[in-house]
Amino acid sequence: MDSFGVWFFGLFPLFASFHGLVFGLEAYQSAQLSINASRGVGRQIPETLFGQFFEEINHAGAGGLWAELVSNRGFEAGGPNTPSNIDPWTIIGDYSIINVSTDRSSCFSRNIIALQMDVLCDAGGPKICPPGGVGVYNPGYWGMNIEQGKTYKVVFYARSLQPISLTVSLTSSDGTQILASANIESIALPSWTKWELLLNSTGTDHSGRLQLTTTRKGVIWLDQVSAMPTDTYKGHGFRKDLFGMLADLKPRFLRFPGGCFVEGEWLRNAFRWKETIGPWEERPGHFGDVWMYWTDDGLGYFEFLQLAEDLGAAPIWVFNNGISHNDQVDTSSIVPFVQDVLDSIEFARGPPDSNWGSVRAAMGHPEPFPLHHIAIGNEDCWKKNYRGNYLKFYYAIKDVYPDISLITNCDGSSRTLDHPADMYDFHIYTSASNMFSMAHQFDKTSRVGPKAFVSEYAVTGKDAGTGSLLAGLAEGAFLIGLEKNSDVVEMASYAPLFVNANDRRWNPDAIVFNSWQHFGTPSYWVQQFFSESSGATILPVTTLSNPSLPLIASAITRQSTTDNAYYLRVKIVNFGSDTVNLKMSLIGLGANAVNPSGSTCTTLTSTNLMDENSFATPNKVVPRPCVFTNADINMNVVISPYSFTSYDVSLSPTIEPAYKSDI
């Protein structure tokens with residue numbers, strides 16, 4: 001029995017037999033749970049234990065959290081050569097009255113492609129333009145969410161050798177209904193001119209589009225066309241509903257921007273932070289060849305730092321260490337990459353008068369960002385040049401920034417690392433049964449040396465579907481194990497975080513969305529049970545039961561952020577088909593220590609292990625209140641089969657001061 005309790009689980013049937021299981025007649029088992037709540041016996045959980053990992057995958061950012069509505073706004077997705085692929089831009093009109101092409105005439109040197117519209121019709125004469133005009137439209141990312149009463153900021157650059165007459169509209173998906181519109185009448189624009197419009201929508205279409213049309217003959221060049229809702233979070237460009245889902249998890253850190261997105265299939269397509277900062281019009285964008293789509297990099301290095309700040313989370317910057325999936329830089333040639341990373345740290349942390357700190361200040365953030373954690377690469381430990389490159393980065397960064405915690409890709413959970421590190425990265429994607437058993441992964445890990453950063457975990461494959469109850473329960477057990485081993489586990493985050501339902505590159509994911517809807521998978525809701533754990537005090541727990549019962553439990557004490565009262569939270573995963581009559585005892589608390597009226601119970605379960613949420617039934621598998629009327633230092637509760645249950649035991653004000661010094 002270890003100092004934090006004993007976990008029991010037994011052999012149980014293969015999970016293939018669970019997939020169609022509907023809970024019916026149940027067997028009842030008995031168990032006891034003892035929680036030592038005595039003052040001074042607990043241990044503080046790291047303040048940063050539970051956070052989030054954001055990767056540009058599944059159109060999580062471009063077409064997701066980043067609220068830009070226009071896809072391929074600079075016409076650069078086809079690369080710097082012409083003719084260029086302008087998808088998803090589409091012509092309005094036929095080729096007898098309009099020709100559309102690309103050229104290299106843009107005023108932006110880092111994204112030189114511009115769109116040329118050669119309009120052959122006119123308001124009069126032999127070729128009369130149709131009433132709605134001719135031009136181009138952009139449907140965004142599987143439709144633009146245009147809502148009645150909301151305002152959208154449209155920005156674009158235009159050039160024309162003739163007087164210009166241009167209509168900018170937000171329309172229905174087929175273009176027949178005008179939801180918002182503005183007309184531009186101007187003299188000739190021989191030089192590129194920036195236009196900014198505010199369009200107020202008079203209708204709603206969740207699959208709308210942006211149109212730029214004209215009924216005047218001539219040639220018009222367009223570039224860097226943007227449309228953003230004006231009600232993004234704090235005006236920082238983040239889609240409010242998706243930001244809210246993320247914020248509700250109360251993440252203590254944010255790891256970004258990947259993942260494989262950082263590496264690239266080839267180094268030429270790796271994430272380059274310097275190309276993602278500065279004015280959005282000047283960002284060249286790049287093709288993410290791992291997940292196979294173009295991003296304009298509106299959500300860049302600066303925006304990730306801003307996102308972490310808005311969430312109140314510690315930023316964790318994952319950089320490319322000169323290695324991709326298919327090519328790598330030899331250690332003898334890695335110095336430019338090392339300098340690039342030092343520049344990135346100065347951008348985040350440097351004073352506003354420093355070389356790169358001044359660039360950050362010019363973007364509207366003179367105060368440094370609190371960057372104190374950096375991961376040297378992603379999943380590269382086994383590659384030829386990783387250790388050599390790693391050491392170059394490690395010593396160069398430590399020399400200038402000794403306070404920064406550096407994270408290696410090499411797993412140190414079962415063997416001693418052969419190189420210096422402050423933390424080691426640990427990733428696990430596996431079946432539900434194995435994930436449940438991995439609650440014990442860190443039980444026997446050495447208590448000295450670098451701590452673990454479990455930066456990617458999830459149940460995948462047939463057990464997960466696109467987000468099943470089964471997956472969530474197994475992950476809940478795993479997180480309880482991490483919580484109980486938080487003396488050697490510093491941080492943990494699920495992956496992937498977001499998926500646009502129109503571009504599922506990976507299953508499952510925590511938050512599913514389209515242009516206007518969203519819901520959390522059971523894995524998302526499981527994480528909410530741990531939103532109060534970081535910085536809390538974990539208590540020793542002993543479970544006494546039939547060893548075949550797959551139960552796992554933990555207990556923490558925490559102070560509520562809403563009423564400042566103290567609570568003892570007990571989390572229990574029942575990973576079996578039996579209902580459990582559980583006797584819970586709180587040791588070390590005297591009589592009248594519990595406030596029954598303020599105690600609550602929440603459970604996550606469903607009628608079928610493979611139940612999932614969807615746009616049609618977003619709340620099919622979500623935490624729900626359960627009966628808890630007998631809160632006391634000794635109590636009997638009933639744990640449902642295949643469930644995650646949390647008991648928040650309210651502690652009486654008379655004993656709160658005893659905990660205040662421990663928490």
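Contact here means heavy atoms within 4.5 Å. Keep that in mind for what follows, since this is a predicted model and much of the story is about which helices touch.

## Where H1 meets H3

Start with the pair H1 and H3. On the H1 side, Phe243, Leu246 and Ala247 are in contact with Leu307, Asp310 and Leu311 of H3. Sort the residues of that contact by type and you get 5 nonpolar, no polar and 1 charged.

How do the two helices sit against each other? Their axes are 10 Å apart and the packing angle is about 60°. That angle makes H1 oblique to H3, and the crossing is right-handed.

## Leu311, at the H1 contact

Leu311 belongs to helix H3. Is Leu311 buried or exposed? Its relative accessible area is 13%, and buried means under 20%, so Leu311 counts as buried.

Leaving out residues up to four places away in sequence, Leu311 touches Phe243, Leu246, Ala247 and Pro251. Phe243, Leu246 and Ala247 are the H1 residues of the contact with H3. There is also a long-range pairing to look at: Leu311 and Glu532 are separated by 221 residues in sequence, yet their C-alpha atoms are 15 Å apart in space.

## H3, mostly under cover

How much of H3 is buried? Of its 11 residues, 10 are. The buried set takes in the aromatics Tyr301, Phe302 and Phe304, along with Leu305, Leu307, Ala308 and Leu311. Glu303, Gln306 and Asp310 are buried in H3 as well.

What does the covering? The elements over the buried residues of H3 include helix H1 (240-247), strand S15 (253-256), S18, H4 and H5. Right after H3 comes Gly312, with a positive phi near 70°.

## H3 against H4

H4 is on the list of elements covering H3, and their contact can be spelled out. From H3 come Tyr301, Phe302 and Leu305; from H4 come Ser344, Ile345, Phe347 and Ala348. This contact divides into 6 nonpolar residues, 1 polar and no charged.

As for geometry, the axes of H3 and H4 come within 11 Å of each other and cross at roughly 45°. That makes H3 oblique to H4. The crossing of H3 with H4 is right-handed.

## H4 itself

Helix H4 covers residues 335-349, which is 15 residues. From first C-alpha to last it reaches 21 Å, close to the 21 Å expected at 1.5 Å a residue.

Which residues of H4 are buried? They are Phe337, Val338, Val341, Leu342, Asp343, Ser344, Ile345, Phe347 and Ala348. Their cover includes helix H3 (301-311), strand S18 (314-319), helix H5 (357-362), strand S19 (373-376) and helix H6 (386-400).

## Odd spots in the backbone

Most residues other than glycine have a negative phi, and most peptide bonds are trans. A few places in this model go the other way. Between Thr82 and Pro83 the peptide bond is cis, with omega about -5°; Pro83 lies in the loop between strand S3 (52-53) and strand S4 (90-92). Another cis bond runs from Gly258 to Gly259, omega near 10°, and Gly259 is in the loop between S15 and helix H2 (260-263).

Then there are positive phi values outside glycine. Asn72 has phi near 60° and is found in the loop between S3 and S4. With a relative accessible area of 2%, Asn72 is buried. Lys250 has a positive phi of about 50°, and its place is the loop between H1 and S15. At 34% relative accessibility, Lys250 counts as partly exposed.

## One more loop residue

Pro370 is in the loop between H5 and S19. Its relative accessibility is 46%, so Pro370 counts as partly exposed. Pro370 and Ser560 are 190 residues apart in sequence, with 26 Å between their C-alpha atoms.

Definitions and conventions:
Residues numbered from 1 in each chain as written. Predicted model: local features only at pLDDT ≥ 70, side-chain atom pairs only at ≥ 80, totals over all residues. Heavy atoms only, no water. Helix = DSSP H or I, 4+ residues; strand = E, 2+ residues; numbered from the N terminus. Expected span 1.5 Å × (residues − 1). Buried < 20%, exposed > 50% of the residue type's maximum accessible area, 1.4 Å probe, protein only. Axes fitted to C-alpha atoms, helices over the stretch in contact; angles between N-to-C directions. Parallel < 35°, antiparallel > 145°, perpendicular 65-115°, else oblique. Left-handed = near helix turned anticlockwise from the far one by under 90°. Nonpolar A, V, L, I, M, F, W, Y, C, P; charged D, E, K, R; others polar.
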